[in-house]
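Notebook open, model loaded. I want to go through the ring pairs, then the sheet, then one acidic side chain.

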Amino acid sequence: MYRFLLLAIILLAGCHSNDCGFPLDQIRYADKVQHHKKTFYLYTRTTGWHNKVVFFELYDSEPTFDNCRQTTTNVIYTTDYDDYPEQKYVKEVILQPENSEKLKITYTTNKEEGVTNVYDVRFTR
């Protein structure tokens, strides 16, 4: 029992070798699109350690992220990837910067019509 506890403490201490906190979000660039001579950038942010949640983040200028996965660039819109009891796939991601809901995301249950990996999502052109 004590060996297990000691091993758990060592593993947790080893994983927390940064000053950012634990766990770090995963940030991934997804896509960019031009709209009326302005470029918009789509990123995914995955948070959580055991139960992961994916968010789509929209920027109206290209963000740069520090070692802690933070940026000083303001997110103009964020929404979570809806986790349904029945698997759904992203069918469309439509930029609509003039609306309060700046990203319109359409889902489908048909694997052939949608994106099977949330990290492969791109703007619908």
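I looked for aromatic pairs and got six in this predicted model (rings of Phe, Tyr and Trp, the last by its six-membered ring, pair if their centres lie within 6.5 Å; planes under 30 degrees apart are stacked, over 60 edge-to-face, the rest tilted). I pulled up Tyr29 and Tyr43: the ring centres are 5.5 Å apart and the planes stand at 75°, so I noted this pair as edge-to-face. It ties together distant parts of the chain, since Tyr29 sits in strand E1 and Tyr43 in strand E2 (residues 38–47), 14 residues apart.

Before going on, I wrote down the ground rules. Numbering starts from 1 along each chain as its sequence is written, and side-chain values use heavy atoms, with hydrogens and water left out. Because the model is predicted, local features need pLDDT of at least 70 and side-chain atom pairs count only at pLDDT 80 or more, while totals for chains, interfaces and linings use all residues.

Which of the two tyrosines is buried, Tyr29 or Tyr43? Tyr43 is, with a relative accessible area of 8%, whereas Tyr29 is partly exposed at 42% (buried is under 20%, exposed over 50%, partly exposed in between, with a 1.4 Å probe and protein chains only). I then followed the ring pairs outward and found Tyr29, Tyr43, Tyr59 and Phe65 linked into a cluster.

Next I checked the sheet. It is open, has four strands in the order E1-E2-E3-E4, and pairs antiparallel (strands are DSSP runs of E, at least two residues, numbered from the N terminus; two of them pair if DSSP finds at least two bridges). The edges are E1 (26–35) and E4 (77–80), each pairing on one side only. I looked at E3 (residues 53–59) against E4 and found four bridges in the antiparallel sense. Phe56 stands opposite Thr79 in E4.

Last, I went back to strand E1 for Asp31. Is Asp31 buried or exposed? At 9% relative accessibility, Asp31 counts as buried. I traced its side chain to the backbone nitrogen of Phe123, at 2.9 Å (a polar contact is a pair of N or O atoms within 3.5 Å; within protein, one must be able to donate a hydrogen and the other to accept it, and residues adjacent in sequence count only if both atoms are side-chain atoms). Leaving out residues up to four places away in sequence, Asp31 touches Phe40, Tyr41, Leu42, Arg122, Phe123 and Arg125 (contact means heavy atoms within 4.5 Å).
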